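Let's take a walk through a protein together. Have the sequence and the 3D view open, and stop to find each place as it comes up.

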Amino acid sequence: MPVRRHHVLLVAWTVLWFLLVEPSGGFSWHYLRQGEELLFSDRPDGGLALYAHHPELQIGPVSLAVARLFSPFPPRTGALLAEAAMSGLGLAMLVLVGRTAARHYLGTGTNHRRLQQRLLIAGLAFIPMWVEVSVRFAHLDDVLALFFTTLAAHELSRGRATAVAVYLALAVDSKPWALAFAPLLLALPRTRWLRSALWFTALVAVAWLPFYLGDLDTMAAAKFTIPNQPASALRWFGVTDPATPWWDRPAQFALGLGLGTLAVWRGRWPAVVLLGADARILLDPSVYTYYSASILLGTLLWDTVGQRRLVPWWSWIALAALYGGTLFLPSDPARGFVRLAFVVVSAAYVLLWPTGSRRGRGRGGSRRPAGRDGVPGAERERAAA
């Protein structure tokens, strides 16, 4: 794949942010170290009993297995290498989203130079939030969940049903909240729904079921709570519980899955990730900045694949509202209100506003008609790549 100018600019932007944030980075890396050591140990509170004894480790087994790759290094070196690798995954995701958009609009006469410009502008907003999750907090589980989801979206544009299911399952096996992105399966042709659902269910079960069978107390891990922070959007619904309400996590999943399904029904599958992340931001009792990385991936997909406007407004609106609001708004209630307003407005927009796209209500697989110049779709696809 040739190196484009916008790729070089995005690499330089990522390196700059990495150097700015890394001195205070790796905030949560010790959770990954602890989890992978326990998972691969024979301690009574490790192995398949891990989640039963350590419900605070809300990290999927795939993430712990990947964290194992950095265990041979000293703690600081391992953290630094992990942060660099996760930053690199962010750049890979930008390339994947660009190729997804090119394939999605294949045969529609889309100006690919404008598409590259759109990706560059949206990517400049995406990188600061990506560095939050990959470097400052070093949340490998969230990074892998979003990376696998990006791969699933790319395979969806190629019409590869089994690959979509496999990558979505790996996302859930990395971090459970990625279940909200499962409606991407519904963007496949109906004839492939059953097979894809079976693959998805089987791979999720293979990763998680051994822990539940190995120690029945693992069920208690789902009830783990975190403080309900004053800046959460939950406060604006009158939820003043000091910790996560019992209904909160099921409501998050239900809302995310419902909104994603509605987006697919409306012919707007590129909105699924944004809507799933919106549900998390709306109902989560915590307000860590790294949560917003999922929002920025959602706006990136929407701005580049879901609509054809040159300026990717939603990526920059999300950065200003969720990151800028955290830094500059003076009070917790104000920050909570901005989070609530962003979720409501962005969800309404991607579901209801005209997109200007000619793709209509077609399913995820990219069609390959001849273009206006009469070039067959397969040849145009190679040129676009």
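A term to start with: a residue is called buried when its relative accessible area is under 20%, exposed when that value is over 50%, and partly exposed in between. Keep in mind, too, that this is a predicted model.

Now try that rule on two residues. W13 has a relative accessibility of 27%, so W13 counts as partly exposed. W17 comes out at 19%, so W17 counts as buried. These two sit in helix 1, which covers residues 5–21, and because they are four residues apart there, about one helical turn separates them.

Let's zoom out for a moment. The protein has 15 helices and zero strands. Its radius of gyration is 20 Å, close to the 21 Å that the globule rule gives for 385 residues, so the protein is as compact as a globular protein of that length. Along the principal axes, the C-alpha trace spans about 65 × 50 × 40 Å. And how much of the protein is buried? Buried residues make up 55% of the 385 residues.

Next come the aromatic rings. Searching the whole structure turns up 18 aromatic pairs. The rings of W13 and W17 make one of these: their centres are 5.9 Å apart and their planes meet at 75°, so this pair is edge-to-face. The cut-off behind that word is an angle over 60 degrees. Now go back to the helix they share: W13 and W17 lie four residues apart in helix 1. Compare F147 and F148, whose ring centres are 5.9 Å apart with 50° between the planes, which makes a tilted pair. Both of these phenylalanines are buried.

Rings can also gather in groups. Which residues do ring pairs link into a cluster? They are F27, F137, Y288, Y290 and Y291. Look at Y291 once more, and you'll find R280 lying over the face of its ring, 4.1 Å from the ring centre.

R280 turns up again when we go looking for empty space. Rolling a probe the size of a water molecule over the atoms shows where such space is left. In this protein, the count comes to two cavities of 30 Å³ or more. The largest cavity holds about 60 Å³ of space, and its lining is made by W177, A180, Q252, F253, G276, A279 and R280. Helix 10 and helix 11 (272–283) each supply at least two of the lining residues. Helix 11 has the largest share, with three. Sorted by class, this lining has four nonpolar, two polar and one charged residues.

Then there's the largest pocket, with about 1400 Å³ of space. It is lined by 45 residues, and those closest to its centre are Q58, K175, P176, F224 and R249. Helix 2 (29–39), helix 9 (193–214) and helix 10 (248–265) are the elements that give two or more residues to this lining. Which helix gives the most? That's helix 9, with five residues. By class, the pocket lining has 28 nonpolar, ten polar and seven charged residues.

Let's finish with a few stops in the loops. A138 is in the loop between helix 6 (112–136) and helix 7 (140–158). Its phi is near 55°, a positive value in a residue other than glycine. Is A138 buried or exposed? With a relative accessible area of 0%, A138 is buried.

Further along the chain, A243 sits in the loop between helix 9 and helix 10. At 24% relative accessibility, A243 counts as partly exposed. A243 and N228 are 15 residues apart in sequence, and their C-alpha atoms are 4.8 Å apart in space.

The last stop is T289, in the loop between helix 11 and helix 12 (292–306). T289 has a relative accessibility of 14%, so T289 counts as buried. From T289 to A171 there are 118 residues in sequence and 20 Å in space, C-alpha to C-alpha.

Terms used: Residues are numbered from 1 along each chain as its sequence is written. This is a predicted model: local features need pLDDT of at least 70, side-chain atom pairs count only at pLDDT 80 or more; totals for chains, interfaces and linings use all residues. Side-chain values use heavy atoms; hydrogens and water are left out. On a 1 Å grid over the protein atoms alone, a cavity is a set of points where a 1.4 Å probe fits but cannot get out, and a pocket is an open set with protein on both sides within 12 Å along at least five of seven lines; lining residues have an atom within 4 Å of a point. Grid points are joined across faces, edges and corners, and a volume is the space filled by probe spheres set on the points. Ala, Val, Leu, Ile, Met, Phe, Trp, Tyr, Cys and Pro count as nonpolar, Asp, Glu, Lys and Arg as charged, and the others, Gly among them, as polar. Rings of Phe, Tyr and Trp (its six-membered ring) pair if their centres lie within 6.5 Å; planes under 30 degrees apart count as stacked, over 60 as edge-to-face and the rest as tilted. Buried means under 20% relative accessible area, exposed over 50%, partly exposed in between (1.4 Å probe, protein chains only). A charge sits over a ring if NZ of Lys or CZ of Arg is within 6 Å of the ring centre and within 35 degrees of the ring normal. The radius of gyration is taken over C-alpha atoms; the globule rule is 2.2 Å times the number of residues to the power 0.38.
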